[in-house]
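Colleague: I should like to learn how to read a model of this kind, feature by feature. May we go through one together?

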Amino acid sequence: MSVGFARLVADLLKRNTTARPVDLGVMRCWVFGLLFLHYVRHDFAAFARLPAVLWRPPFWLRSVSMEFFEPSRVEALQVAWLVLLAFACIGLWVSISGVGALLVGVILLWFENTIAYANSKDVLIVWAMYALAVLSTPDQFSVDHLLFRRRFEHASRGAMPAKSNFLAITFVRAMLALMFCSAAFSKLRASGIHWGTNGTLANLFVTKALTWDRSPRVPGLAEALARHPMWCDVLARGALLLELSAPLVLVSVWARRLVAPALFVMLASFWLVLGISFPMTLVCFVFFLRFSDEMELPASDRTGPTGPPRVLFDADSRWCRACARFFAKKAAAKSLELTPTGDPRADALLRDAHLSWTRGCTWLLLKGDTAYRGSAAFIEMLAIMGSLWRLGCLLYLIPRCLRDPLSSRRRT
Amino acid sequence: MTRLPGPRAAPSLFKTARLLAFLLPISIQSCYVFRDADGWLFENFSLFSALSKSTTATRYSIYGVRQGDGTEVRLDESAYWAPLDLLRIRAALDLVARASKDDERRFLVALKERYRLNAERGRHAGPPLDSIRIYRVTYDWAAGVDRPTSQRTLVMER
């Protein structure tokens, strides 16, 4: 029994430990970058100008006076936060800027949420910052990587980065799953199953429509839904079931593919129908995306750090052939070995590397001890070209699920 | 030959600290799944969890009195008050209504100043205001969603 359980746990961990070094870097760019954009015009000092009667700190911080947060001090903190967010986004001194952004961000967001009432909108993004600043190691997708190359070469040889990346990503997913699960349990605790059978959601739609919170939403949608209480009950039960099934994203790849997008759509629909927006919580769904596509090669097929990178490309694609010709011409000095599919050398290479050429795949790059597939291989080839071509790495910011179909659609 | 504990102890301590940093927030939030308590960072996200069968709802509504003609314009839109949102303003109105008249006055002055600043920054195209009025409005849709009625009472003005 215990052996079976241990095997199950090991299998789950193996299936979930797929964090790539580039992935976490791209996630860091998205999270800190979008935080910067979201808060660049936000005026935290406005809260410091409100009457002190609205100050509602938790009981263990009652000794702190609201006067501590005088407007000029809050403005200075906000400027510092924006600078730290910008540094953390591009990955400059990422360990310091990440932790700094987390600390200053927590102070500012906490201060805002002690005025009149606490809003749960910002909670998950704080945990995302925490995961990126505290639980992850410096990543490959950063300015630091360009400036302090040697430090990263040492780091990449150990297993630690992969494990800590896995911890950081799993942490945000776990907090997100717990958030939805808590919401479902609080509904069941406060209202029981009647929350989904009693027209509560229809009533919520009417209230929102009538009280005319002119927040951005699709006009008339809440009113239209409220006219059909039965549909609203079905929607409510669906939402409850979805919230309860959120923890599945931690254990099953298939659940992650179904439940995570469904939760995203549910949150986005709160915005569209009710005008209740959770922009920074939506950003946290970036932790469910994949950006790179790489795998470690078996020891027998490694090109070695000094060996020439080998590229396989789809010979049936006119776009691939044109790119291969371009790369062959431009990257002659880099000794890039370009082999079209169908060539006997390509079959031998795939066999040795224990890889298969999947349908729709257009590129495969074997470099050192790593194989890159699809659009990730193309981006790595741009990086090999050097100089300004390295900027092609910014294509990693596009999620793989969008990037790969785009590159494979360009076939003859 | 004995191995010195120093160089190996540091990474192990680092790993333990990282694991604790991973497990501690998850454990605390897990407790909140079964607790009926809301805070900030750790909470049970109880928004809209209460059963709602009533066909009436009461809310504060913000109106502005235009300079010149003195007509009223409804201002229940967050763009007028950013970064304050309507939920926060309504919670704040509840608090100041229970506090002193002086707090009430100070809050309405702050609101008016925010309206003016946001207009200056081009965040809204609302008219210049003489004063701000806060009404307590009760909506009733017992006769149907398409035939709601409302009653309002002036509670604050500045």
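Colleague: Does G70(B) count as buried or exposed, and how many C-beta neighbours lie inside 10 Å?

Modeller: Please bear in mind that this is a predicted model. Burial is judged by counting neighbours, and a residue with 12 or fewer other C-beta atoms within 10 Å is called exposed. G70(B) has 9 such neighbours and therefore counts as exposed.

Colleague: Where in chain B is G70(B) placed, and which residues does G70(B) touch beyond those up to four places away in sequence?

Modeller: G70(B) sits in the loop that runs between β1 (56-66) and β2 (72-74) of chain B. Setting aside residues up to four places away in sequence, G70(B) touches V65(B) and D130(B). Sequence and space can also be set side by side: G70(B) and L129(B) are 59 residues apart in sequence, and their C-alpha atoms are 8.8 Å apart.

Colleague: What pattern does chain B follow along the sequence?

Modeller: The pattern is α-β-β-α-α-α-β-β, made up of four helices and four strands.

Colleague: How should I read the overall dimensions of chain B?

Modeller: One compares the radius of gyration with that of a globule. For 158 residues a compact globule would have a value near 15 Å, whereas chain B has 25 Å. The box filled by the C-alpha atoms of chain B, taken along the principal axes, is roughly 95 × 40 × 30 Å. Of the 158 residues in chain B, 27% are buried.

Colleague: What are the corresponding figures for chain A?

Modeller: Chain A has 18 helices and five strands, and 41% of its 412 residues are buried. Contacts may be sorted by separation in sequence. In chain A, among contacts with a separation of 6 or more, 73% are between residues 24 or more positions apart; in chain B, 54% of the contacts between residues at least 6 apart join residues at least 24 apart.

Colleague: Which residues touch the most other members of the largest nonpolar core?

Modeller: They are A128(A) and V172(A), in a core of 117 residues. The greatest contribution to this core, 16 residues, is made by helix α9 (residues 160-191) of chain A. Another core, of 21 residues, lies apart from it and includes V206(A), L210(A), V273(A) and F48(B). As for A128(A), its contacts beyond neighbours within four places in sequence are V31(A), V172(A) and C284(A).

Colleague: How many residues of chain A are in contact with chain B?

Modeller: The size of an interface is often given as the accessible area lost when the parts come together. Here one may instead count residues: 54 of chain A are in contact with 49 of chain B. On the side of chain A that touches chain B, α6 (123-135), α9, α10 (200-210) and α11 (221-226) each supply at least two residues. The largest share, 16 residues, belongs to α9(A). By character, that side of chain A has 32 nonpolar, 14 polar and eight charged residues.

Colleague: At what angle do the axes of α10(A) and helix α12 (residues 229-244) of chain A cross?

Modeller: They cross at roughly 110 degrees and come within 7 Å. Angles of 65 to 115 degrees count as roughly perpendicular, so α10(A) is roughly perpendicular to α12(A). From α10(A) the contact uses T200(A), L201(A), A202(A) and F205(A), and from α12(A) it uses P229(A), C232(A), D233(A), L235(A) and A236(A). These residues divide into seven nonpolar, one polar and one charged.

Definitions and conventions:
Residues numbered from 1 in each chain as written. Chains lettered and ligands numbered in written order. Predicted model: local features only at pLDDT ≥ 70, side-chain atom pairs only at ≥ 80, totals over all residues. Core = buried A, V, L, I, M, F, W, Y, C linked by C-beta atoms within 7 Å. Buried ≥ 20, exposed ≤ 12 C-beta atoms within 10 Å, placed from the backbone. Contact = placed C-beta atoms within 7 Å. Nonpolar A, V, L, I, M, F, W, Y, C, P; charged D, E, K, R; others polar. Rg over C-alpha atoms; globule rule 2.2 N^0.38 Å. Axes fitted to C-alpha atoms, helices over the stretch in contact; angles between N-to-C directions. Parallel < 35°, antiparallel > 145°, perpendicular 65-115°, else oblique.
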